[in-house]
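Work through the exercises below with the sequence and the model in view. Try each task before reading its solution.

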Amino acid sequence: MLAERKKATIDILQLCFENRAWKTQNNQIVVLSRRHAMCVYSDLFMRFAWMVQPRNYLLLACHASNETVQLYQLSRFAKHQG
């Protein structure tokens, strides 16, 4: 399934590049589902890092920073959409 998505994404980007459809290409690059998945992933691992004994503060900090960056990217996309 992942390979199919990857191939479809590459095909779309190639088509946009060949047709010089830069706006469409830029919109395809910012894949919202991937951003959302990364937010959920970071949330789950932050919870895991907090619940495990002894608490894993390094893992918590890494995923908290990842969550912050992903949310910032989503806010940039929302701002761009108007």
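**Exercise 1: Surface and burial**

Find how much area the chain exposes and what share carbon and sulfur atoms supply.

Solution. The chain exposes about 6800 Å², an area computed by the Shrake-Rupley method with a 1.4 Å probe, where for residues only the protein chains shown count as cover. Carbon and sulfur atoms supply 63% of this area. Next, take burial: 13% of the 82 residues count as buried, that is, under 20% relative accessible area, whereas exposed is over 50% and partly exposed lies in between (1.4 Å probe, protein chains only).

The model is predicted: local features need pLDDT of at least 70, side-chain atom pairs count only at pLDDT 80 or more, and totals for chains, interfaces and linings use all residues. Residues are numbered from 1 along each chain as its sequence is written, and side-chain values use heavy atoms, with hydrogens and water left out.

**Exercise 2: Helices and a cis bond**

State how many helices and strands the chain has, then place Pro54.

Solution. The chain has 4 helices and 0 strands; these are DSSP runs numbered from the N terminus, helices being H or I of at least four residues and strands E of at least two. Pro54 lies in the loop between H3 and helix H4 (57-81). The peptide bond from Gln53 to Pro54 is cis, with omega near -5 degrees.

**Exercise 3: Val40**

Locate Val40 and decide whether Val40 is buried, partly exposed or exposed.

Solution. Val40 sits in helix H3 (residues 32-51). Its relative accessibility is 37%, so Val40 counts as partly exposed.
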